[in-house]
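Here are my notes for your first pass through this one. Have the viewer open and follow along point by point.

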Amino acid sequence: MSTYKVNLKVNNLNVSVDEGTTILDAARQLNFKIPTLCHHDDLCVAGNCRVCVVEQVGNRLLPAACATPVSEGMEVLTNSMKVRQARKNIIELLLSEHNADCTKCFKSGYCELQEMANEYRTGDHIFLDVRSKNEIDISSPSIEKDDSKCIRCQRCVRTCTELQAVSALAVTHKGKEMKISTFLDKPMNDVVCTNCGQCINRCPTASLVERNYIDQVFDAIYDPKKFVVVQTAPATRVAISEEFGLGPNRSTGKMVAALRRLGFDKVLDTDFTADLTIMEEGTELLTRLKEALVDGKEVALPMMTSCSPGWIKFQEHIFPDMLDNLSTCKSPQQMFGPLAKTYYAEKINKNPADMVVVSIMPCTAKKYEAERPEMRGSGYKDVDFVLTTRELGRMIHQAGIDFEKLEDEKYDSILGESTGAAVIFGATGGVMEAALRTAYEIVTGREVPFANLNIKPVRGMDGIKEAAVKIKDVKEEWSFLEGVELKIAIAHGLANAKELMNKIKSGEADYHFIEVMACPSGCIGGGGQPIPTNMEIRKKRAAAIYEEDEKMVLRKSHENPEVTEIYKSFLHKPLGHRSHDLLHTHYYPRKRY
Ligand code: SF4
Ligand code: SF4
Ligand code: SF4
Ligand code: FES
């Protein structure tokens with residue numbers, strides 16, 4: 001980064017910024033907000049919507065603030081008459097092509113275009129109305145695509161290409177016909193889309209939103225014949241507060257209280273099955289290492305985590321020759337479902353046919369995952385409905401619950417106990433850290449050699465993280481691991497995952513175990529989390545996750561007493577017969593298009 005400073009004036013105030021800074025960021029340093037639509041802090045500059053135009057003294061043209069770097073002596077006005085009129089005209093032009101039916105729109109109240117139109121008091125429709133037809137693509141169980149709401153800002157295209165390296169979306173046609181399309185304009189469900197929802201997080205309108213199942217869940221709650229249990233993923237508990245203007249915050253107890261007030265019969269925790277995942281996945285890793293190091297078998301290494309359904313689908317499309325490397329463990333959501341409808345149903349004496357399992361997830365791909373035909377281990381659909389953190393926020397608003405004033409409540413038991421290791425699943429590196437806390441202790445009988453169990457080398461927002469842990473003084477039964485340097489890597493965001501996979505395929509990198517999460521920053525940055533998203537917000541969510549871990553009494557998955565009990569009375573052992581039937585799965589190669 002340059003240290004050369006450029007001096008300029010914004011709205012007659014002096015400011016000195018680094019060379020290369022845009023007018024937009026210089027204005028932000030003086031706390032002037034310039035409206036933006038195509039710009040997003042996570043993405044490269046596009047400069048195509050022009051709502052961020054400003055006046056530069058001495059320049060006849062109005063430069064786009066997001067795409068124009070500052071220069072020495074520049075004088076900028078962000079709200080002159082000329083700027084205001086130009087901005088109004090641009091917003092009017094966008095609305096002339098837009099199906100602005102806000103009263104029926106899922107995004108109303110959360111929409112950047114609506115907010116801007118309100119701020120600038122547009123709505124006179126001075127331009128010809130040239131709206132496109134309102135054909136909504138609901139082929140995907142995760143994503144709804146409505147072209148009539150699209151303002152062609154291309155945030156989605158840049159997200160899918162730059163951050164996710166999927167390129168499921170592209171700009172097609174020109175002029176009035178220009179649209180965001182899939183390959184050959186096929187339905188979203190028939191293309192390479194991973195359902196990650198990152199495009200939804202960055203779409204400023206309702207052109208891309210999650211498929212919402214709020215009404216179906218309320219219907220189940222109000223059906224007296226149904227017993228409705230809800231599970232909540234680790235990352236939801238630090239972000240739900242954002243839906244109520246409270247910023248990223250530890251809100252586990254309030255979330256539990258809100259779910260109870262919504263009428264769920266039992267409020268349970270996906271964190272329980274996150275702990276269980278560590279037992280199953282850790283055992284699977286140790287088994288693979290033994291087969292490779294002792295039995296000399298051809299084993300697929302590195303083993304790769306399988307908690308992230310967007311990553312699984314990406315792997316099925318892009319690296320179908322490496323599916324054996326994926327752990328066979330289902331995600332914690334999908335471990336919870338079959339256990340709820342077998343073990344739990346039996347314990348509480350309920351007919352699983354009358355049970356409805358609802359998940360609150362930070363992730364839109366979990367909606368698709370629950371629909372996979374393999375996810376019926378209980379003999380029923382294991383997870384009936386998946387709601388995003390945002391949908392839960394809507395439900396709480398609709399029910400008139402004052403979230404901020406709720407007193408903390410605890411999860412129900414059983415399937416409600418968890419450890420700090422499970423909570424950190426929500427942040428990139430968390431699954432790896434949880435696995436190391438348990439595997440190291442099982443193999444050596446000692447805690448991992450990191451202060452206060454915090455394995456700092458696997459934390460943080462670097463796109464790809466690598467580390468090595470030397471295993472010494474092992475217990476006798478693990479003697480084959482004596483002196484082994486366990487090599488690990490972590491990637492978050494599918495573009496980083498692709499880079500890591502290419503390094504592994506080319507032989508440039510060599511690991512035993514890798515963690516991949518489809519979403520930037522891991523589940524805390526999931527496609528179902530509150531909007532807006534940017535690195536600053538995701539770092540705050542991660543800080544809340546690690547704080548939650550430190551506050552937990554138990555911080556290692558193998559210490560969860562409910563996990564111990566379920567192995568004693570039901571599963572018998574990790575990777576055992578019952579685990580195989582209920583908790584493990586397989587994957588299928590898919591075509592790119
Ligand atoms: S996308 Fe925004 S502006 Fe368009 S109808 Fe929905 S809320 Fe209104
Ligand atoms: S959901 Fe993910 S993969 Fe699918 S189009 Fe959006 S960003 Fe691309
Ligand atoms: S779908 Fe959304 S993000 Fe993509 S171009 Fe349209 S408005 Fe922009
Ligand atoms: S936000 Fe600057 S051109 Fe779109």
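1. Which residues come nearest to ligand 3? Of the 13 residues around ligand 3, the nearest are C150, C153, C156, C203 and S207. Sorted by class, that shell holds 8 nonpolar, 3 polar and 2 charged residues. Keep in mind as you look that this is a predicted model.

2. Now move over to ligand 1, which is surrounded by 13 residues. The closest ones are C102, C105, C111, T205 and A206. Here the shell divides into 6 nonpolar, 4 polar and 3 charged residues.

3. Next, the sheet that includes β1. What is the strand order in this open sheet of 4 strands? The order reads β2-β1-β4-β3, and the pairing is mixed. The edges are formed by β2 (13-18) and β3 (55-56), each of which pairs on one side only.

4. Start at the β2 edge and work inwards. Strand β1 (residues 5-10) pairs with β2 in the antiparallel sense, over 6 bridges. These two strands make a hairpin with 2 residues between them, and N11 has a positive phi there, near 50 degrees. If you want a residue to anchor your view, try K9: its bridge partner in β2 is N14, and its bridge partner in β4 is E75.

5. That brings us to the parallel part of the sheet: β1 and β4 run parallel and are joined by 2 bridges. On the far side of β4 (residues 75-77) sits β3, paired with β4 in the antiparallel sense over 2 bridges. Look for Q56 here, whose bridge partner in β4 is V76.

6. Now jump to helix α15 (residues 494-505). How far apart are its end C-alpha atoms? They are 16 Å apart, which agrees with the span expected for 12 residues at 1.5 Å a residue, also 16 Å. The buried residues of α15 are L494, N496, A497, L500 and M501. Looking down the helix axis, you will find these buried residues within an arc of 150 degrees, so they line one face of α15.

7. What do the buried residues of α15 pack against? Their partners are the helix α9 (309-318) and three strands: β15 (464-470), β16 (485-492) and β17 (513-517). One last stop: after α15 comes G507, with a positive phi near 85 degrees.

Methods: Residues are numbered from 1 along each chain as its sequence is written. Chains are lettered from A and ligands numbered from 1 in the order in which they are written. This is a predicted model: local features need pLDDT of at least 70, side-chain atom pairs count only at pLDDT 80 or more; totals for chains, interfaces and linings use all residues. The expected span of a helix is 1.5 Å times one less than its number of residues. A residue is buried if 20 or more other C-beta atoms lie within 10 Å of its own, exposed if 12 or fewer, and partly exposed in between; C-beta atoms are placed from the backbone. The arc is that of the directions from the helix axis to the C-beta atoms. Two residues are in contact if their C-beta atoms, placed from the backbone, lie within 7 Å. A residue is near a molecule or strand if its C-beta atom, placed from the backbone, lies within 6 Å of it. Ala, Val, Leu, Ile, Met, Phe, Trp, Tyr, Cys and Pro count as nonpolar, Asp, Glu, Lys and Arg as charged, and the others, Gly among them, as polar. Two strands pair if DSSP finds at least two bridges between them.
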